[in-house]
Amino acid sequence: MDEKRLAELCSEHDRKAEEELYTRYAGRLFALCLRYSSNPDDAKDLMQDALIKALNSIGSYRYRGNGSLYAWIKRITVNMAINRITRQKIHFIPFDVFRMDRADDTDDDSAEMVPEKVLLKMISELSPMKRAVFNMFCIDGYSHMEIAQQLGITENGSASILSKAKAQLKRQIKDYIRKSELQ
């Protein structure tokens, strides 16, 4: 069944279509939610809440070609993840006040030597704000201006937080590679 028909049937509350939507997108959405959550249980809750919200508002979805339904649900999911982060009222000192720590030069290709599961774990260990900025910029393609608007920070703050997140990840990757070479 194509996305347009699937969305139409879901808007009519067709249970089989709703199950199809869940089956088709739950795995990818769960992986997306894991990038924003600190643990699998939170990620699962976020994914389910996002799918419920998508089903409740499917009448506002407009088909724009193959892949547009997933893109629409993905946007809902990312927005919900961002809202959860900002609701936690995370307090942080703006990183641009401090001298930027420079990670030891780590070859950009070195991340390819680390299994994806390990990289995802490293990302999940970032603070909620670093994780959100990193995911939004590096994975979801948001600009610093969009990140700043969504998270209520400055563009410079977004860039600074991203730099800190990348530096932390580079250090973790370097440590992982060093430990792997010793084994």
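User: Let's start with Met122: is Met122 buried or exposed?
Analyst: Keep in mind that this is a predicted model. Met122 has a relative accessible area of 6%, and the cut-off for buried is under 20%. So Met122 counts as buried.

User: Which residues does Met122 touch, leaving out those up to four places away in sequence?
Analyst: Met122 itself is found in helix 5, residues 116–124. One of its partners is Gln172, 50 residues apart from Met122 along the chain, with the two C-alpha atoms separated by 7.2 Å. The full set touched by Met122 is Val114, Leu169, Gln172, Ile173 and Tyr176.

User: Zooming out, how many helices and strands does the protein chain have?
Analyst: Reading from the N terminus on, the elements run α-α-α-α-α-α-α-α. That gives eight helices and zero strands.

User: What share of the contacts with a separation of 6 or more comes from residues 24 or more positions apart?
Analyst: The protein chain has 183 residues, and 40% of them are buried. For contacts with a separation of 6 or more, the share from residues 24 or more positions apart is 68%.

User: At what angle do helix 2 and helix 4 pack?
Analyst: Helix 2 covers residues 15–36 and helix 4 covers residues 68–87, and their axes are 10 Å apart. Helix 2 passes helix 4 in a right-handed crossing. The packing angle is about 35°.

User: How many nonpolar, polar and charged residues are in the contact of helix 2 with helix 4?
Analyst: On the helix 2 side you'll find, among others, Leu21, Tyr25, Arg28 and Cys33, while helix 4 brings residues including Ile73, Lys74, Thr77 and Val78. Sorted by class, the contact comes to twelve nonpolar, one polar and two charged residues.

User: Is Cys33 buried or exposed, and what is its relative accessible area?
Analyst: Cys33 is one of the helix 2 residues in the contact with helix 4. Buried means under 20%. Cys33 falls on the buried side, with a relative accessible area of 1%.

User: How many disulfides does the count come to?
Analyst: A disulfide is a covalent bond between the sulfur atoms of two cysteines. The rule asks for a pair of cysteine sulfur atoms within 2.5 Å. By this rule the count of disulfides is zero.

User: Are the rings of Tyr61 and Trp72 stacked, edge-to-face or tilted?
Analyst: A search of the whole structure finds two aromatic pairs. For Tyr61 and Trp72, the ring centres are 5.4 Å apart and the planes sit at 55°. Planes under 30 degrees apart would be stacked and over 60 edge-to-face, so this pair is tilted.

User: Where do Tyr61 and Trp72 lie?
Analyst: Both residues are buried, and they are eleven residues apart. Tyr61 is in the loop between helix 3 (40–56) and helix 4, and Trp72 is in helix 4.

Key
Residues are numbered from 1 along each chain as its sequence is written. This is a predicted model: local features need pLDDT of at least 70, side-chain atom pairs count only at pLDDT 80 or more; totals for chains, interfaces and linings use all residues. Side-chain values use heavy atoms; hydrogens and water are left out. Axes are lines fitted to C-alpha atoms, for helices over the stretch in contact, and angles run from 0 to 180 degrees between N-to-C directions. Helices (H or I, at least four residues) and strands (E, at least two) are DSSP runs, numbered from the N terminus. A crossing is left-handed if the near helix is turned anticlockwise from the far one by less than a right angle, and right-handed if clockwise. Contact means heavy atoms within 4.5 Å. Ala, Val, Leu, Ile, Met, Phe, Trp, Tyr, Cys and Pro count as nonpolar, Asp, Glu, Lys and Arg as charged, and the others, Gly among them, as polar. Buried means under 20% relative accessible area, exposed over 50%, partly exposed in between (1.4 Å probe, protein chains only). Rings of Phe, Tyr and Trp (its six-membered ring) pair if their centres lie within 6.5 Å; planes under 30 degrees apart count as stacked, over 60 as edge-to-face and the rest as tilted.
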